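The exercises below are to be worked with the sequence and the 3D structure at hand. Each task is followed by a solution in steps.

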Amino acid sequence: MTLAIFFVFAAFAVLGGIGVLLARNPIHSALSLVGTMVSLAGIYLLHHAEFIFAIQLMVYAGAIMTLIVFVIMLLDVRHEEAETERLGFAKVFGMVLAGLMVVVLLVPLAAGLTGKPGGMTEEVLARVGSVEFLSEKLFTTYLLPFEIASVLLLVGLVGAVALAKKRL
Amino acid sequence: MTFSMADMRLLTPHLVITAAALLVLLAEAVSPGRRKGYLPYLGIAGIVVAAFTTPGLFGPARSGFSGMLAGDAFAAFVYFILYAVGALTLLVSDAYLRDEGRDHAEYYALVLLALVGMMLMAGATHLMSVFLALETMSIAIYALAGFFRDERSAEASFKYFILGAFSSGFLLYGIALLYGACGTTEIQGILDAFASNRALAGSPMALAGVGLVTVGFAFKVAAVPFHMWTPDAYQGAPTSVTAFMATGVKAAAFAAVLRVFFVAFQTLHVDWSGVLWVLALLTMTLGNLTAIAQTDVKRMLAYSSIAHAGYILVGVVAGTPEAGAGILYYLLAYAFMNIGAFACLIMVGRKGHENTELDAFAGLGFKFPALGLAMSLFMFSMAGIPPTAGFIGKFLIFKAAVHQGYYWLTIFGVLNSAASVYYYLRVIVTMYFKPEPDTPVVEGLRAGPSMALATILAGLGVLYFGIVPGGLVDLAEQALRYLV
Amino acid sequence: MLQNYVPILILFLLAAGFGLGMVLMSAMLGPRRPDSEKLSTYECGMTVDPGARRPFDVKYYLVAMVFLVFDVEVVFLYPWAVKFKALGLFGFVEMLVFLFILLVGYAYIWRKGVLEWE
Amino acid sequence: MLDFLIESILKVLVVFGVLLFVVAYTTWLERRVLGRIQVRHGPNRVGFQGLLQPLADGLKGFFKEDIVPANADKIVYVLAPVLSIVPALMIVAVIPFGDSFQLFGREITMRITDVNVALLYILGLAGLGEYGVMLGGWASNNRYGLLGSLRTAAQMISYELALGLTLISVIMVSGSLSLVEIVNTQTVWWNAFKQPLAFFLFLICGLAEINRTPFDMPEAEAELACGFNIEYSSMKFAMFFMAEYAHLISLAMIITCLFLGGWYLPFGIPTPGLLKFPVFLAKVFVLVFFFIWERGTFPRLRYDQIMRLGWKWLMPLALANIFVTGVVVTAVA
Amino acid sequence: MIPFEYSMGLSAVLFGLGVVGVLVRRNVIVLLMCVELMLNAVNLAFVTVADHLNSVEGLLYVFFVMTVAAAEAAVGLAIVVCLYRARRAVHADEISLLKG
């Protein structure tokens, strides 16, 4: 049952991905990408990642893509890419490279996972709750990355203002 | 609780520089849009204070924040390289930005924040903090590259941005695979996983992970064939930012490479050294060959920075502490000579006109003797001619490579160095032996006290470390001793 | 855990079916007598400017970008708030440091006039 | 498992049906109440007291001509109302309407489901709901439509931020993201008493988030000629309209759960099992009535006032509230 | 439990699509979206591994990748806005990456 649902989501995700690539209008690409992201949120859920499911919807589908759509609308990116572009060297090269890439990523899967398992077992999650468990780790063991993230966000803020504000 | 005051000790330098960046932003918030000439010096003051808190880190390796950040001599050494890069960049930027009418607080804040990212990258001992630090640095530099907001600057910024984000994708996928293979992404943890399980070294997942991480880093250090963003990004960005990118990013990225490859992937040396061997050769050769063909000095320096990444990669291939020490030395030398050279380029330009075509340099050697002298010194150092720091750096790296039996790579390296002499000397020849055109391109120099100070400091660094390298080499070797 | 989400999936299917069904029904049931005036852009009776799409004011982008950054900040606050009592003073100080850095950014954009509308 | 599936499907169907019914009759209620406030009658012809009016409106929607403007982006134009209504109707999934009751020896909970991340789920759907508004204006290729959707989207994201920050302090005192658990922490003191500022802020942000008066930019007829849905007619227009009212009702239910103790009476007065659902319903009704009433009372804010309120007042206040809550809770602990 | 290979396979395919997009498309905003697609694929890989190893680290990675994606999107779109303003030309939204 879960597997069937997985395949439905996976199919939508891949279709969305193809849509991003093929759509001539950036808004259609963006919508396809939102589709992929929502499908991926579903797959995260199948992988027992509740919190990630929720923030995938909130941050990726809700905020990042909103901003992208917003900018497309504001800049009026309607221009359809010129049809004159033939299947040039760059395109063939790109596709071959990406094909190789996928193969490189697929081959290792046969070997299976070898990493040593961690402590996030279902019993533990049932006892402390998945968000609580994640939160506990984030604010103790992973404290430094968390604080770096605030600097990172500040950089994003200042950078965006420095580039886009009319008069500094 | 997994946190103590000892952890804070490791983070003090970063905190000081972050505080300086925040002060810059607050100063801007207090009087928005107003000119504030003291900001670069506020930044430099922050760097100086941070430098005073750093020597305590020399000594035996310590790790803090649950294995996220190292406090070892290696990190401290790289921090000092980065302080030099940061301070020189700020000095160089001051007069330049004022002349271009772009001396905004954001620039200085972003430089300082990028510096924090670089330092964290050098100190990080967990791939998660490496990644976040890398992104902090990169995002700040994307914004800096586009800071002039004209077409060229924006295009440079966009190219750098897209390919940077692209390479982050590869790096991350590599990390994900390593995570699957080892169950952790702490650098020590990866080493332990490989050491305790011999079969893991042959696991396709681990190898694919190592490969993708290599690709990700290769983009960041601009190794061929992942270099295509470099020339346009370097040429289009404001010159001071180009200097910062070429030296700071390189230093931070190679510091992370050393930690990841020399520690985490230590047991896999046979696997990655072959790949890096090819990358090093390609990078040196292609960088130099294309640099020869350039008629624009800024673009030439962009290609030459690719070539320099190639020399440094030779040291990575060698994989010994000796080679690592050579790399650290080289990174410092490169910081001095490259920022110095870009400072000379800035001085030649005027508002809206960079004047970096080779022909613009004709006759400048006699017209502006100090500039001619400085530029010649930096070109000599880049070419690796004694008694400059550039020479010692190459010497140390090639020596380490020979000790490990990489004769062919060393021979190619030396040949490449020899070839590079041609285009570096061409600048000097143009400056001194070509007559200035009838309508002079460069009428005056864009030099102020700060610019002069930066150039003199860089020049002194190149000369001093070229003539008496002993102490620095000892320090670098000590840094590597505690790394491995 | 997954079981809790099954009803959401059912509701999603129902809602999506309902939405699409409405659009289809409306398309099938409604009359269709198009004419050029009806299909033209409604601009309060003024003549239609063919180049009607022009880039808008920059403050819109800025507000959206600033939103994105602060939205992620808020997302970090959720797991913290859930565990807030257990994390204690230490966790509170951590979050204050995090918030302080971004508050500097907030003060900066405020004074820069990013939040001004006319 | 099969029992569970059947139970879930039945519950979903019932809740869905009731929701649509309530949406329809909220429009009737609003028109009648606004009529009274403005000293007129409101719809009172179709059926007793105009009770059949929503039905007639719906039918009319179906039989109106379905116009797609000639230079609109067809696919997106048709998709936008769907994207608007689907998330709006899905919020209700995680809202508890009451405790549980026994039926044929089975314990039936008065909710569709309870998930750990309910609040985040709601915020996620709210984020997805913005696409309908944004794309609707864009796809119709109309200057007013585009401007309207930009303004609305900018407003929604601004208030989403303040809304999220306000929620933090509620989560801090309740220690959970699940609405059921949040309700269960309010048996004695409602969060409205523990977090009065948060309650007030949430009310304002919620109204702005669903584009309700006095923040109803999309309906600023004078300035925007109706806003993002200017080119929409027939059922597609009705769908935007329905989404708006579904949001309104969801907001009332969310506020009830977060701040007004859900199905509990205040001050620890024990709530008899049979009364729980009516108590919940009463609170929701009062809130809905309040939303209608304030629409008849407050004038619309200017756009710059809306944005200033969100960014320069509500956000700092919400942050200060988090800080004070943190200090107080830490000091007590 | 979804088999490890399935999710990782999906992740690899999505990553490949993103790579093709970056190399083939020329519209600046579409390039940005393709990078986001790659990051999403990586996130899926992290979630899958985290699920199968019962380890929380992968989930935290996803969290931070989203943070980075947000900061990148903010700055990236600011650059795009800048590019548009600087060019004001017909092909303002196009760029050639593989040149030079």
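**Exercise 1. A helix of chain B and what follows**

Which residue with a positive phi follows H16(B)? Then describe the length, burial and packing of this helix in the predicted model.

*Solution.*

Step 1. Look past the end of the helix: H16(B) is followed by Gly405(B), and the phi of Gly405(B) is positive, near 85°.

Step 2. Check the length. Helix H16 of chain B covers residues 389–403, which is 15 residues. From first C-alpha to last, H16(B) reaches 21 Å, close to the 21 Å expected at 1.5 Å a residue.

Step 3. Apply the burial cut-off: a residue is buried if 20 or more other C-beta atoms lie within 10 Å of its own. Eleven of the 15 residues of H16(B) pass, so the helix is largely enclosed by the rest of the structure. Among the buried residues are Phe391(B), Ile392(B), Leu396(B), Ile397(B) and Phe398(B). Lys394(B) is buried too, as are Gly390(B) and Gly393(B).

Step 4. Find the partners. The buried residues of H16(B) pack against six helices of chain B, written here with their residue ranges: H12 (297–318), H13 (321–348), H15 (369–383), H17 (407–433), H18 (449–467) and H19 (470–483).

**Exercise 2. A glycine in chain B**

Is Gly209(B) buried or exposed, and which residues does Gly209(B) touch beyond four places in sequence?

*Solution.*

Step 1. Place the residue: Gly209(B) belongs to helix H8 of chain B, residues 204–220.

Step 2. Count the surroundings. There are 25 other C-beta atoms within 10 Å of Gly209(B), and the cut-off for a buried residue is 20 or more. Gly209(B) is therefore buried.

Step 3. List the contacts. Leaving out residues up to four places away in sequence, Gly209(B) touches Gly174(B), Leu177(B), Leu178(B) and Ala181(B).

Step 4. Set sequence against space. Ile175(B) is 34 residues from Gly209(B) in sequence, while their C-alpha atoms are 6.3 Å apart.

**Exercise 3. The fold of chain A**

How many helices and strands does chain A have, and how does its radius of gyration stand against that of a compact globule of 168 residues?

*Solution.*

Step 1. Count the elements: chain A has seven helices and zero strands. In order from the N terminus the pattern is α-α-α-α-α-α-α.

Step 2. Take the dimensions. The C-alpha trace of chain A spans about 60 × 50 × 25 Å along its principal axes. The radius of gyration of chain A is 20 Å, whereas a compact globule of 168 residues would have one near 15 Å.

Step 3. Divide the chain. The domain assignment gives domain 1 (1–79) and domain 2 (122–168) of chain A. The C-alpha centres of these two domains lie 22 Å apart.

Step 4. Look at the contacts within the chain. Of those in chain A with a separation of 6 or more, 48% join residues 24 or more positions apart. Buried residues make up 58% of chain A.

**Exercise 4. Which chains touch**

Which two chains share the most contacts among the eight pairs that touch, and what classes of residue does the side of chain A that touches chain E have?

*Solution.*

Step 1. Compare the pairs: chains A and E have the most contacts of the eight. Here 72 residues of chain A are in contact with 63 residues of chain E.

Step 2. Sort the chain A side by class. It has 53 nonpolar, 16 polar and three charged residues.

Step 3. Turn to chains E and C. Eight residues from chain E and five residues from chain C take part in this contact. The chain E side has seven nonpolar, one polar and no charged residues.

Step 4. Note pairs that do not touch. The nearest C-alpha atoms of chain B and chain D are 15 Å apart. For chain D and chain E the value is 14 Å, again without contact.

**Exercise 5. The largest nonpolar core**

Which residues touch the most other members of the largest nonpolar core?

*Solution.*

Step 1. Among the 494 residues of this core, the answer is Ile68(A) and Met65(C).

Step 2. Find the main contributor: helix H3 of chain E (residues 57–87) gives the most, with 23 residues.

Step 3. Locate the core. Domain 1 and domain 2 of chain A both give residues to the core, so it lies between them.

Step 4. Follow Met65(C). Beyond four places in sequence, its contacts include Leu67(A), Ala160(A) and Ala164(A) in chain A, and Ala74(E), Leu77(E) and Ala78(E) in chain E.

Conventions
Residues are numbered from 1 along each chain as its sequence is written. Chains are lettered from A and ligands numbered from 1 in the order in which they are written. This is a predicted model: local features need pLDDT of at least 70, side-chain atom pairs count only at pLDDT 80 or more; totals for chains, interfaces and linings use all residues. Two residues are in contact if their C-beta atoms, placed from the backbone, lie within 7 Å. Ala, Val, Leu, Ile, Met, Phe, Trp, Tyr, Cys and Pro count as nonpolar, Asp, Glu, Lys and Arg as charged, and the others, Gly among them, as polar. A nonpolar core is a set of buried Ala, Val, Leu, Ile, Met, Phe, Trp, Tyr and Cys residues joined through C-beta atoms within 7 Å. A residue is buried if 20 or more other C-beta atoms lie within 10 Å of its own, exposed if 12 or fewer, and partly exposed in between; C-beta atoms are placed from the backbone. Helices (H or I, at least four residues) and strands (E, at least two) are DSSP runs, numbered from the N terminus. Domain bounds come from an automatic or database domain assignment. The radius of gyration is taken over C-alpha atoms; the globule rule is 2.2 Å times the number of residues to the power 0.38. The expected span of a helix is 1.5 Å times one less than its number of residues.
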